[in-house]
Structures are given as structure tokens and as C-alpha cells.
Protein chains: 4
Amino acid sequence: MPSSCIDTELVPQYSFLDDYSEGAHPQLLEALLHTNATQQMSYGNDEFCNEARQYIRSQLCASDDEVSIHFVPSGTSANLICIASCLRPYEAVLTVDSGHIVCKEAGAIEATGHKTILVPGVRGKMVPANLERVVRQNQFFPHSAKPRLVYISNATELGTIYSKQELVELSATCRQLGLLLLMDGARIGVALSAPSSDVTMRDLVDLTDIFWIGGTKMGALLGEAIVVRSHLAEDFVFHLKQHGALLAKGRVMGVQFRELFRDNLFFQLARHANEMAQRISANFEKLGYELAATTDTNQVFVVLPEPLIHRLEERFRFYIWERLEDGSCVVRIVTSWATEGLQVDKFNGWVEQWTRV
Amino acid sequence: MPSSCIDTELVPQYSFLDDYSEGAHPQLLEALLHTNATQQMSYGNDEFCNEARQYIRSQLCASDDEVSIHFVPSGTSANLICIASCLRPYEAVLTVDSGHIVCKEAGAIEATGHKTILVPGVRGKMVPANLERVVRQNQFFPHSAKPRLVYISNATELGTIYSKQELVELSATCRQLGLLLLMDGARIGVALSAPSSDVTMRDLVDLTDIFWIGGTKMGALLGEAIVVRSHLAEDFVFHLKQHGALLAKGRVMGVQFRELFRDNLFFQLARHANEMAQRISANFEKLGYELAATTDTNQVFVVLPEPLIHRLEERFRFYIWERLEDGSCVVRIVTSWATEGLQVDKFNGWVEQWTRV
Amino acid sequence: MPSSCIDTELVPQYSFLDDYSEGAHPQLLEALLHTNATQQMSYGNDEFCNEARQYIRSQLCASDDEVSIHFVPSGTSANLICIASCLRPYEAVLTVDSGHIVCKEAGAIEATGHKTILVPGVRGKMVPANLERVVRQNQFFPHSAKPRLVYISNATELGTIYSKQELVELSATCRQLGLLLLMDGARIGVALSAPSSDVTMRDLVDLTDIFWIGGTKMGALLGEAIVVRSHLAEDFVFHLKQHGALLAKGRVMGVQFRELFRDNLFFQLARHANEMAQRISANFEKLGYELAATTDTNQVFVVLPEPLIHRLEERFRFYIWERLEDGSCVVRIVTSWATEGLQVDKFNGWVEQWTRV
Amino acid sequence: MPSSCIDTELVPQYSFLDDYSEGAHPQLLEALLHTNATQQMSYGNDEFCNEARQYIRSQLCASDDEVSIHFVPSGTSANLICIASCLRPYEAVLTVDSGHIVCKEAGAIEATGHKTILVPGVRGKMVPANLERVVRQNQFFPHSAKPRLVYISNATELGTIYSKQELVELSATCRQLGLLLLMDGARIGVALSAPSSDVTMRDLVDLTDIFWIGGTKMGALLGEAIVVRSHLAEDFVFHLKQHGALLAKGRVMGVQFRELFRDNLFFQLARHANEMAQRISANFEKLGYELAATTDTNQVFVVLPEPLIHRLEERFRFYIWERLEDGSCVVRIVTSWATEGLQVDKFNGWVEQWTRV
């Protein structure tokens, strides 16, 4: 197919850039419409937030006493509030070097006064051996900041996921070392819905001290739900207010989380995202391309030759993740709850066609 | 009418507590529906944010070079970001003692490291004479923090508004003293739409250095638009990101502000809120009640006897603002873009009926 | 004596500006000399710091388990570390409006992230009634920062002191309201040594949660000793390190505090300072001048006519504290451990001579 | 020599732990004595601070307009103030992974709100190629914090020093990338006095934007002199005050720096420290031990077998720096201005004797 046929003016590019390019799942918007006119209490005390909390607790098999739940507008808010609420001023957070808070939060963690200590990651994951070693290296008190909180993401920034066994061991290591464990769940939906996952929502309660459930990347217009264990929950809402994350109309998040967790919509959407990624990933493998990481969730990392990349870029958008020395590139393809099967088919078709050339 | 007839279970109370008890104006929700499916750039770079910026600039009669516009999810975000972005670490913000940032932001300003210096307010407003005196009292450098930014609200926390003359004089005083001027515009809609106001949107550009336009209190689900003059605009978006205020789906605010500012809806809604307050206020005056402040905008402060308050509380919700020594109270009644005329009529009717008793 | 005779080039002015114009008491310098050559552990773990801690504990009648003691180089360090160590991010400190941390610390408290809430003072002192009222006004949680720590100075910024009864009542109020109590003891020496004082060192342990003993204003080159009750003492040294207050050669403070507290030198010096102030104060009273505050400690606040001030300024240095409407001024005269009796006599003599004119 | 003969109770260990185990050089103490009685202005405005500033400027060949000089009590103060004064809230500091601010400042930098970005070091030094690469990797704005200030130490934490050529190239790279350059000069004395150094004091002015001269490690009881170029100097003293580093009796540092820089004492002491280290280092090399780093300054890093270490520990104190896999260790020996030649001879003698065994 000659490139002269391509007219990017006429053929708009379909985006696989990220999982937040579309608005909200229609069911959430509809719920916003239906609930719009009622007068509600402000600042997260409305009935929709309360119902959403009950649905989430139910999914977590957790009682009111075990966990508090708070809604915040962004992942950065969630991370900085979780971290700042747990730590005394001289305490530090430990994260793998590929962690989101290392170089994608504009220094938001440090802006709350806390140091981040880097731990070498293994396929994006924190492993007990590396954690222990780095904690040992940071014991020259009071000259070293005190390691206190371990930050992990699930799914990780590389799309990988933690197994139950891995979480059990990591959690045990943390408790032994006197460390708290925080899970960034911006993509917890696709993580727990991955075919290879054996982790349940209840496990998160048992194995971490605080975690958050990402709504923005799973069909909400905005909103992340912080789940905080009771020993860390006192006065938590002050942290939200102080960081501008306590919305006057908290209902906008309550209504959406109520829909996501009332009937399993959250996990249905996550499975869809994963399936779309699987289809893309399987096609690449079938055609002999090398995956740069196993496709556990909704992110496909694949090594492609430059000419193919240029062809694909005429019709699709995605990020070049890394340029390799031989001229090829690692490309990241992200699917979402909104990814259309038809577009996946088209994408796979073009990959196949241009591979044959 | 005997109180035994009242059954609050059956007669739900209509809320005059605040101007954020309802969801969004229907036109905004509809626009969210219509734009929902399109794929958009993230983090405020979508076409809706860009269009909203152009509509707002057009209202401000300001060019792209004059002002930058950024959308943030809450008033607290807006205030802390505006202040933190303007100041060096040892610089302080000056505010009247009734200012919102004094005791309604959970120390959010101080959490960014900055001192707030109190200036005695006059009917909720900052006046040049008091400002000058307090600045003079804070010149024992480097032992005093350096006064640098003046924070005002318009409308104020007492519902009063600044006249153009007042703003011109305050602005001149600030420039003479080397101070920047920030206007908290959580209620800028009702302020500029007040019958007694002679301030234009353009005046805000000319007379302040940075201000923000409140969407949450004027029909949006969430969102405030920060307008920053070019001399303070460099790298501004970093501050948003660092404080968790840069939403992945910035479109949710862009779409709403586009609707609010495309055809004057913003000011139509503001005028409605003001009219509802006027009707309530006029009724109180007609019946001989004392207003604790002139009703310039959508807040009515009125002195009521306790028995009347109890009666009204059976059917309406509002805040007791202050308890007076004679047993009466200052009550705050807030109307909004969503306040129903019918409810205002009912409220006025009940006030009249119970006054006659 | 005609003013033309005065030649300020030839007649150097003697300073009553403050209590830190001279170096150290000679006994402290000598101890620095004698201990200089020995090798010592660093960062406050040297034998001199340890001995100083034991002498101070002995004065406090406090066991090792009851209090921890840390030396820091400045009063600002002491205040910001005491406050930051006690508070969670959203908690605030309460202080009288004349408190040192309000406008003489360059925003150092706020730079650690904490709000200061102002309480009207009574002759520079915090009184339970005002404290309770302000705490009540700051309960609109989570919108109000949470009042948590009460800051007082003894002697106060106006030279007044707390009686035991006042401290007992304030302490009880704090405990009832769930508040911690911090005493800034920059001038604790002159406060406890005042003839009218009935407060003991032990009382400070019993009635506050944390306090500090000022060395800089009582004969040391530098150094303040923070005394922290065990419930707040965990990990305290991290705060020192993090704020640059943990000196490598902590011995420089240990040696000096050892001298000050080995044999009561600290209180001898304080009594001298008080006596010098008493002589100046008594002379003013004898001559009919009005004191603007009772002279409890080493600060004399007196109302003087401008001509007398000009005469005195030819030979002495002191601060004009406040300009009164009738043209006279409140003048502050500060004495110290180093104030020479001869200079006090000269000062009194000149006051008397120029009063007679 | 049988170990049973050793009685550590009777044979006190001589310390090579660090360069701050002793007090001050006697000439500095004497100057404190001589100047003690005079009344001086406070907060760094005394005549001794001013003279010290002139002597330092003279050594720097810098005019009053070119640099401001401020004295602070500790290295941590110096680092956190230098960094906080240069950066806007979202800006980050770059440092080699072995940098002092990475894990020896208890998170003091982050406590001022700023991120530290790690750059792989080469023998403790920052090299342009690595710096450029890391800066390139941190350009995903506004999600990455903005790289803005490069922190280096000279001598480095590994005892190595920068050549003039290295500094010229690093400085040029910084300016090209829009980065400021800060030099931590805790050990600038031994660095510039090293036989292999070709860097002058003037070079520091020309090639950095801000640096500090360590007094604590070069014979002062306390004190570091921050030298800040005029483009960063405005309002600098506020930062000192805000961080508790502005001592009321600034004279204590002024007097000492005046002595250190009046007649080259500073560099004489530095040369002594270097010579002592050279003698120890040369002895090790003569006896066939491997140095873990070249001995440029006053730190000797040498690989020793465990038995020898145990023997030496009976009479000397020093740090085990790293345990190697073969059971031997890297040991750090630090000399100072106060190190006694006799002790060096004894140490070398024991090393030789126990090596022969």
C-alpha cells in the first residue's frame, strides 16, 4: 500500500497513547445526570459517596472499622496525600527506580518534605532482597533519613503485576523492618483482572497499610479512592483539605465510584482493557516480534523496526518508549476500558500487512 | 400553624446552606455527554480546555500574551497554587482577618511554607490604610517575613463587593509598596453581576496580578480557572502538577468552562443567584428585620429571633453565623444558580407567616 | 551640660539594646580553652554535652527517663524544631499576638508547614479564657487547621513573667483541650530568677510538654537547651539534623552549658541582669516617669519625652519601642549578665541630671 | 606482640574518625578571648564578621559587588540554605550518587521541598556526560521536576578533587543547560591545598554560582562561610533567619573566620592535614597495601585485612567504610589540622610492625 494514499487529514489517528484519552463510561455519565438535581451535603458527606464507600468495602470484604475510604481528584493527589499522611518529617519513602513518584510527579512527594530512596527494581517490582539491602544502607542515624514507607504500583509502570506470593513476602519483609506499605493502584483494576493474577481485593487490605483504587484510568472522569487502614486513618480528611483534594461537590466522584463498584462494572471494564491488549500482543508475537515485557495487563511493550513504526504512526498514536542501538524501538501500546475492538482489528491488520511487505 | 403538623421526615428541608449543594447546570452535563467519546490530549491540552481559554480571554478582552489560564479542581488548590507560585520562601501573604485562607483552608497556605499576615478588614474588605499600616509594622527585616502578596476575595466572605474605585486604589497601593495582588474569585460571578458593581472582567486583568474564576459555585461540577498575568506565568503548570491539580482528563473542566463562557451563561446564572438573594433580603427588610450586612450578592446575613429560626429550620437548612448576646442570631442564607424561585417564595411566605404570629 | 560638648566619636555609646551584645561569660570561655585539645565524639555525643545534660537534669529534679535534652545553636532553631517535632502536618500552633514567633522569626514556623493562630494576649501572656475562645472558633474541621500546640514565652516579649498559679491553670486548660504546651525559654533565666517569681525548674517539667533554656541571652556564645518530655522525645535528634542544628562539634555548647549549670552560674548571671534592670527602673520611677510595663525581669519599658531620649542617645543605645501620640515614646532598656554597674550608675545619673534641666 | 598486653582502658585510642574531633585552633580561641568583652552589633553585623568578609573577599580577588558572604553554624545549614535559596518550588538539584546530600543530611534538602536527582558519579565526581544524560532523561515536563541546580563537593566524599579543567568543563555544561552550580566546600581547604590541585579561590567565583567554605573541618569551633554571587544574593539573609542559622552572636563565627583568613592560617592548616594523610598513605603503599582511592586530600581509603584492622582498633579509631567479599575491608583514615605527627608516626609504626607478623 503506497504511502501516498495516506492522508492523515482524512484518516484521523486512533490513540493508544494512554488509558485516559476518552471521557467517562456512559453509565457513569448517566448516573451523574440522574443524581444531578438533588441537594447533597458537601465535601464528601453526600449519600453517593457514602454508598460508594459501602460498595467498595463490600468488594474488599472489609468492615467500617477496618478501613476508611476517601475520594481525591487525581493520582498525584492520592500519592502525595498517602505519603504525607503516614510520615513524620524525617521519614523517607522507598520506591523502585522505575516508580511513578520518582520522575513523573514533578517532585510532589518532596514538596511535602519527604525524601524518596531508590531501590533497584526487578521488572518494575520491589523485591525483598533489594529492599532489605537499601534499608541496611540507610541506617546511619540521624544522618540518614529514616526509611519508613514502601511505595509500590500494581500494575507497575512496566505493566507487570505482583503475585499473591510476592505481596505476602514483601508485606512480611516490611513488617519485620518496621516499614509501612503503600500500593499505588492507578491501574489496580487491570492488575487484579489479569488472567495471571491471584490477588484479591481483600488481599490488599491484609497485605498493605494504605492503597488507592484508580478511577481515572478505569472509566471515571476523575477520581481515585484511597483506602486507609484504621491505624493510619485518624484525621485523614485534614490531609485532603490541606492539599486541595477535598472537593466541595464530592458527589462527582461518589456517583462514579458507586456505579463502578455496584455491579462489578469496574472489573468488567478492566478485563476489556486487558483483552484488547492481549489481542494486540498476541498478534505481534504471532508475527515474530519481540515483546520487551510480558503483557500482563493493558500495556504492550514491543520492539518494532522503524519503518513499521512510521507506517503505524500514520493511523495510530502511541509512545516510543526507548530507542535501541540497532535503530529499532521499544513502543508502548496502551488499551483501556474504551478501546474499540474494531480499532484493534484494524491495528493488527495493518501490522500484519506492513510486516509482509 | 401548630408545630405538631411538621413532619421533617415527610417535608424534606430545602437547603440554603451554600452554593454547591446541587450538581452542574444541565447545559454543562449535556456538553460532557456530547464530547465524551472523542479521544483528547491529556492534562489540559485538549481542544475543550483550549476553546474555554479563548472564550474566557475574550470575556477578559485579553490577548494570549497577556494572560495564561489554568484549570484546577478546587478553590483550595487555586489559592495555594496562586500563592505558592508567586512567593519566594521567606515572603508572606497579607489578608483581611475574615479572609477564607485564614481559617477555612486547613493551613493549606502555610503547608506551602508561607506566612499569612492579618490586616483588619472593613466589611470583609482590604483597605489601603490598614494595609499600609500592617506593612509598615512588618519591616523589621530579616526578622519579619517579607510582605509580598495581598490576598482579597470578591465577593468577600461577608458577601460584600469591591467597587472599581476601591480596586483602583488598592491596586495602586500594592504597586507602590511592591506588593502583588491576588483575587480569590470563588464568587467572582455574583460579584461582577451585582447590580451595584461597576467592575468589569477586564478590570481584573488590569488591577490584579493573578486571580481565579470560580466554577464550582457557578454551575460546574468542579473547576476553577486561574488567570495569571504574563510576568508570573512562567512554568506555572509545574505548580499544578506538583500539587495534584493537573487532571489527566482536564477536559472535564474545559468542557464546562467552555459552556459557561461561550454565551454568557456564567453571568446569567450569577444574576439569578443574586436575584434570589435580593428577594429574600427584601422580604426580611420589608418585615422589619435587621440585615447584618447589605445584600450585594448571593449571601443574605440577617438577624433573626430564635423562635423564628427554629420554625424555619423545620423546612429549610442554613447556617447560624453568630450568636448574639440578646439571644438572637445572625443567620446566613445562600442562594445559587440552582435556587428555585418557588422555594424562595415558600421561604418568604413562611417568614412572613411566622412573623405575624 | 550643653550638647555641643558631646562628641559621639570620642564618647562611645554603651549599649542597652539587647542581652546578646557581648561575647561569653569568661568562665565559659576558659572552659572552652581547657577542654579544647581533647578528642571527642561528634554531634552531641561528647562527654561535655553528657555532663551538661546531667547538671541540667539535676536542676530540673528530672530523671533520664523523664526528659531528653538537646542543644541547638539558636532560638529560631529551638522554636522551629520544637514546633515541627510536635505537630502533624495539619496541626497549628497557638500564640499570643505579641509572641516572638508571630513576627520575629521570618516565617520560620510556617516554613515547616504549620499555621500559627493568634490569641489576644494579656500583658504578653496567654490566658485560659482567651485560649479557650480561640480554640472554640477554630473547630470547623477539616476546614480549620487543628489547634494542637500552645506556644508561650517566659519571660514574655514584654518582660513579664508567669506565676506558678498562671502556669498551673494554663497547663490544666491545655490538657483539657487536648493541647500540648511549649515554653520558649530564651529568657527563662531572668524569669525564674525574678524576685516575684514562684516558679521552679521542676515546675517547667511538670507543667509543659517541651521547653527550652536560653544560653545565648545568659552568657553563652551560642546555644539553647531543648528539654523534651519522654512522650515527645522519640527520634528527636533527626529533627535537629534535618534543620541544620546538629553541630559536628556539639561540645561547643556542651562545655558552656556544663559551666552554666554546674554551680548555679546560670541563675547568678540572671539575678545580676535583673538587678541592673531594677536599678534603672527604680530610678525612673523615683523621678516620676511612667513605666509602660512592670519591670519583672531584665527589660525596662518606660515612657520618656523626646528631648530626654535624644540626650540619652548621645551616650547610650536602646530601642524606641513605640511612638505615642503626644510625642513621647516607649523606650526599651535591656540589661544582661554583662551589664556593668558603673554604666547603670552613669545612665541613672544622666537621666537624673537631664530630668532636672 | 601478644594481644593480652593491650589494655584499652589504659591505652586511649587516638581518633582518625573524622576532622572534627578536636575543638578550635588555639589562635581562634585566643581571638575569641580578646574580642569577648566588646559590645557588638548582632546577627552578623558586627565588626569581626565584616573584617572576615573583607579577608575572604581578598582571598577570592572578588569585589563587594561580586559576592555576598554569610556565616552559618553547620554544613547542613549551608547546604539546605544554598539550595532552597536558588530554587523555585518545582525545581530539583542534581548530585552524584555518593553526594553528601543524598544520604547524610537526614532529608534536609527534601524538607525544603526540593527533589534530588541522582547522577552516576565518577570517583565521587560529577562529569558532564553523565549530567547531560540525566538532564535529558528528566525533560518530560511538567511531570518531571525541572533540573536546575548541580551540587558538587570539593573535596568529594571520596577524598578526590576537581581539577581546574574539570571545573571549567562542568561549569560550561551547566551554563549551556541552564543549570546553576553549587559547590559544597566543607573540605575546600584540603582540596585547594592538595599538591595536585590547580584550582584557585578566584576560580570558585568564576566557575560556580554559589559555594561555601568549611570552617568546622578546618579549625573553627563552628561556622561555614557561604559565598553567593550577586545574581543570587538578593534577600539572602532571610533564608538564614528562616532556617535558624542567623546567630544572635554572629561574632563567634566572624572572629574565627577573621583569624583563618587574615594570614593564610586556613591553608596552612589544610596543608598540614594533607601532609599527615600523605604520610599514612605512603606508608601503606610502601608496605604493599592497596589504596581504594588516590589520597588527594586528608582522607585515606585503604584495603586492609581483618586481623590488622583488629590490631589497629586497639589503639586507633577509624571507620570501616566497606566490607569486601574476601573478608578484607576498605578502611577510612581521616586526618585534620589537629592531627599530631607523633600519632601518625605511631600509627605507621604499628601498621608496619603488625604487617611483618
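Seven residues from two chains surround the largest cavity of this predicted model: Gly23(C) and Leu221(C) on one side of the list, and Leu32(D), Thr35(D), Asn36(D), Arg251(D) and Val252(D) on the other. Two elements of chain D give two or more residues each to this lining. They are α1 (26-35) and α11 (251-262). By class, the lining has three nonpolar residues, three polar ones and one charged residue. Arg251(D) is the charged one. The space inside the largest cavity is about 40 Å³. In total, the structure holds four cavities of 30 Å³ or more.

Now turn to chain A and its sheet. Four strands form an open sheet here, in the order β9-β10-β13-β12, and the pairing is antiparallel. Strands of a sheet pair through backbone hydrogen bonds, either parallel or antiparallel. Which strands of chain A stand at the edges? They are β9 (290-291) and β12 (319-323). Each has a single partner strand, so one side of each is left without a neighbour in the sheet.

Start at the β9(A) edge. Two bridges join β9(A) to β10(A), residues 299-304, and these strands run antiparallel. Within this pairing, Glu290(A) stands opposite Val303(A) of β10(A).

A helix also meets the sheet. Helix α12 of chain A, residues 265-286, packs on the sheet. The helix touches β9, β10 and β13 (329-334) of chain A. How is α12(A) directed relative to β10(A), in degrees? The direction of α12(A) makes about 20 degrees with that of β10(A).

Key:
Residues numbered from 1 in each chain as written. Chains lettered and ligands numbered in written order. Predicted model: local features only at pLDDT ≥ 70, side-chain atom pairs only at ≥ 80, totals over all residues. Heavy atoms only, no water. 1 Å grid on protein atoms, 1.4 Å probe; cavity = no way out; pocket = protein on both sides within 12 Å on 5 of 7 lines; lining within 4 Å. Points joined across faces, edges and corners; volume = space filled by probe spheres on them. Pairing = 2+ DSSP bridges. Contact = heavy atoms within 4.5 Å. Axes fitted to C-alpha atoms, helices over the stretch in contact; angles between N-to-C directions.
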